[in-house]
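Got your viewer open? Here's a short walk through the chain, one selection at a time.

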Amino acid sequence: MAILFMGREPIAFDDFLFNFKMKYSQWTDFKVIRTKTLAGPRSSKLETTWKMNCKTLNFAIGDNARGRVMKYVIAAPTGSAKTENLITYCSMLPKDITALISTNLTDEADKIAEKINDEARDSRAVSYHSKKSKEEILEIEEVAKYQVIVTTHAFYKNHYTGGEKWQKLGEDRDLLVIDEALETMRELSVRDDSIRRAITIFEYMQKSNLLKGDLKFAKEIQLLRDELQVLANYSGGTNLITDENTNVLRCKFTPLKSMEKYPLFLKFFVKAQAKTIKIDPKFKKYFNTLNFNHIISGIKDSSANDILKKELIETIVNLNIMSKLGQVYITSNQGHNSFHRVTDMMFTKSLVCFDATATANKVYELRSKYYNDIHMVAPTEGVRNYSNVTIHTTAGRTGKKSIDKDLVANILQSVTLGNKTLIITHNQHKSLFVQEATQNYSDKTVEVAHWNAITGLNDWQNFDTCIIVGLNHKPKSYAQNRTIINTDSEETAFGEEQDILNNSIENSAILAEIIQAMNRIRIRKIINLDGNCEPADIYIILPNDQKTVYEKQIAGHMPNIQFKDWVLKSAKHTGLATANFDILIQYLESNLKRGDTIEKKNIVKVVGIKPESFRTMMGKNSFQQQKFRENLHKCGFEIKEIIGKGRKTATQYFYKI
């Protein structure tokens, strides 16, 4: 570990500022002059932000050298070059100071590591995540030898197991950085329908020669039925399961007690850890021959096998983990009851978190109230100016069920599409916007993205218009998990203020995501010393009862942004029917994960579209077929054609990109 003597900082502020400004001037209109300052009267505000970023990173290294624990949250606004600051900083680190960076996306992890190496002119950094190919991924011992490791939040949460190897990878590092948000919890949930499907599969397996008459296996299936009954008896709300309230749940046990005594299916699954299971070799061959979709639905289609297999494994793993840990609670949400458990995987060292929307997120405020380990690094006032941005707002419903073909048509007829327009909506509605834009606005560049797949991306930084339809409302467990982690006791998390705390966290999370979404387009890029951006338009539907509240909050976080009322037209939908295309996309989204394929004929059998209608949808001439492929690609899928051995014609497969 690096030791700091006589208050000497790992990286001198002036050296960092000069190096970074030289880089910054290459992709902006700012000019570096001999005095090592940016030209212009307002340059000090950006410089102050960059200097504070460097200073905070130095502080974290110093804290870890002294054994002090503090979480520094840097709330510098979008466009102030936080990630680029981090890249330059890590490229300048002395060789004896090591760092771990956790970011949101695998592509971003690769880019950060590559840029650090480019600026340092060496190979000090490596990215480490599950999307690497077998040829690319290194053993953890080899990764730990690198000075700078860049991983993803998901990879860390899903694979962290503790022990000496992970200690070298993370806890032993001198500098720990979380880019985008302070999210280091592992959230487990098991829904009633998942348990129901698991019971169906295990009851089918019980009839096999391998398991017929196995009393322990039969008892374990009964335990699953008992757990399902606990959820069936639950009347609603969000409540912690304790010995005292089992009578309220009308059951004789809790998941904690019953599962602890009888761990599920340990004969069948000999090793369960994180989200993976090692299957007993005696059962593996039989297990891999099962058609889970046929067992559950009676349809002889194996396209959903991987998804159902993954769900089965996660259900059993999560129930077993819950049995070994306290604080299991139940929620009722959208007609389903679920068990939940959350564990905090926060590093027990000083770290730095870059979060542009930190001042909007109530999680930090909540944690600072109950723990003395959060230091908010306030953004420098005047760094950003959004006077060139106009946000057009209207009130309406914002849930998934509020969006249909007519609304999509009305929205696109009620906006002025820019040269390049980004639409952000729910994943299940992407196809509606793709079809409408393709059929009626083919002369415009329109791209459609969905919630949970946009934060941190720069793919649309040259777009001048953004349309947001539907907000990313959270399940009840989202806020409850964050309340549990960031308060000091069960009494607080499930007490009298439970609803107030949870509502505050959920609303602030939605606000933070709105700000993140708007900043995906070119408003994120500062173009002058006043902190302004190029002109841009935002269109957004806000909740009926909270429109004014959200407008005030957005104005508070985006200085000088201009507001206009947005009046939706009520014209009828003029495009062609898209029902079959929507059915196809929803089926592919439900049954394929990235890299999966499914043969076209297998879809036609089960998706509910007549063969002739399916052929019409795919196009009867080359122009129509090309349009279909383009729409399919915009929704995240492609058609692959493979000629099998001994065959003259190609077989068509749908492939998830």
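Start by selecting Asn560, which sits in the loop between H20 and strand S19 (562-565). Keep in mind as you click around that this is a predicted model. Asn560 isn't a glycine, yet its phi is positive, at about 70 degrees. Most residues other than glycine have a negative phi. Is Asn560 buried, exposed or partly exposed? With a relative accessible area of 48%, Asn560 counts as partly exposed, because that class runs up to 50%.

There's another residue of this kind to look up: Asn452. Its phi is near 75 degrees, again a positive value in a residue other than glycine. You'll find Asn452 in the loop between strand S16 (445-450) and strand S17 (465-468). Asn452 has 66% relative accessibility, so it counts as exposed.

**The open sheet**

Both of those loops lead to strands of one sheet, so color that next. Which strands should you pick, and in what order? Go S16-S15-S17-S18-S14-S19: these 6 strands form an open sheet, and the pairing is parallel. S16 and S19 are the edge strands, each with a single partner, so one side of each has no neighbour in the sheet. From one strand to the next, the twist averages 20 degrees.

Zoom in on the S19 edge. Strand S14 (residues 389-396) pairs with S19 in the parallel sense, over 4 bridges. To see one matched position, select Thr390 and look across to Gln562 in S19, which stands opposite. Now swing over to helix H16 (residues 430-440), which packs on the sheet and touches strand S15 (420-425) and S16. The direction of H16 makes about 175 degrees with that of S16.

**Two helices that cross**

Next, show helix H19 (residues 498-518) together with helix H20 (residues 547-557). They pack at an angle of about 55 degrees, and their axes are 11 Å apart. That angle makes H19 oblique to H20. The crossing of H19 past H20 is right-handed. Which side chains should you turn on for the contact? On H19, show Asn507, Ile510, Leu511, Ile514, Ile515 and Met518; on H20, show Tyr550, Gln553, Ile554 and His557. By type, the residues of this contact split into 7 nonpolar and 3 polar, with no charged ones.

**An antiparallel stop**

Move along to strand S22 (residues 651-656). How many of its 6 residues are buried? The count is 5, so S22 is mostly covered. S22 pairs with two strands you can select alongside it. Strand S20 (residues 597-599) runs antiparallel to S22 and is joined to it by 3 bridges; for an example, click Thr597 and its bridge partner in S22, Tyr655. Strand S21 (residues 637-642) also pairs with S22 in the antiparallel sense, over 6 bridges. Here, Lys640 has Tyr653 of S22 as its bridge partner.

**Last selection: Ile137**

Finish at Ile137, in the loop between strand S3 (125-127) and helix H5 (140-143). Ile137 is partly exposed, with a relative accessible area of 33%. What does it touch beyond its neighbours in sequence? Leaving out residues up to four places away, Ile137 touches Tyr128, His129 and Lys132. For a distance to check in the viewer, draw a line from the C-alpha of Ile137 to that of Ser127: the two atoms are separated by 9.0 Å, and the residues are 10 apart along the chain.

Definitions and conventions. Residues are numbered from 1 along each chain as its sequence is written. This is a predicted model: local features need pLDDT of at least 70, side-chain atom pairs count only at pLDDT 80 or more; totals for chains, interfaces and linings use all residues. Side-chain values use heavy atoms; hydrogens and water are left out. Axes are lines fitted to C-alpha atoms, for helices over the stretch in contact, and angles run from 0 to 180 degrees between N-to-C directions. Angles under 35 degrees count as roughly parallel, over 145 as roughly antiparallel, 65 to 115 as roughly perpendicular and the rest as oblique. A crossing is left-handed if the near helix is turned anticlockwise from the far one by less than a right angle, and right-handed if clockwise. Contact means heavy atoms within 4.5 Å. Ala, Val, Leu, Ile, Met, Phe, Trp, Tyr, Cys and Pro count as nonpolar, Asp, Glu, Lys and Arg as charged, and the others, Gly among them, as polar. Buried means under 20% relative accessible area, exposed over 50%, partly exposed in between (1.4 Å probe, protein chains only). Two strands pair if DSSP finds at least two bridges between them.
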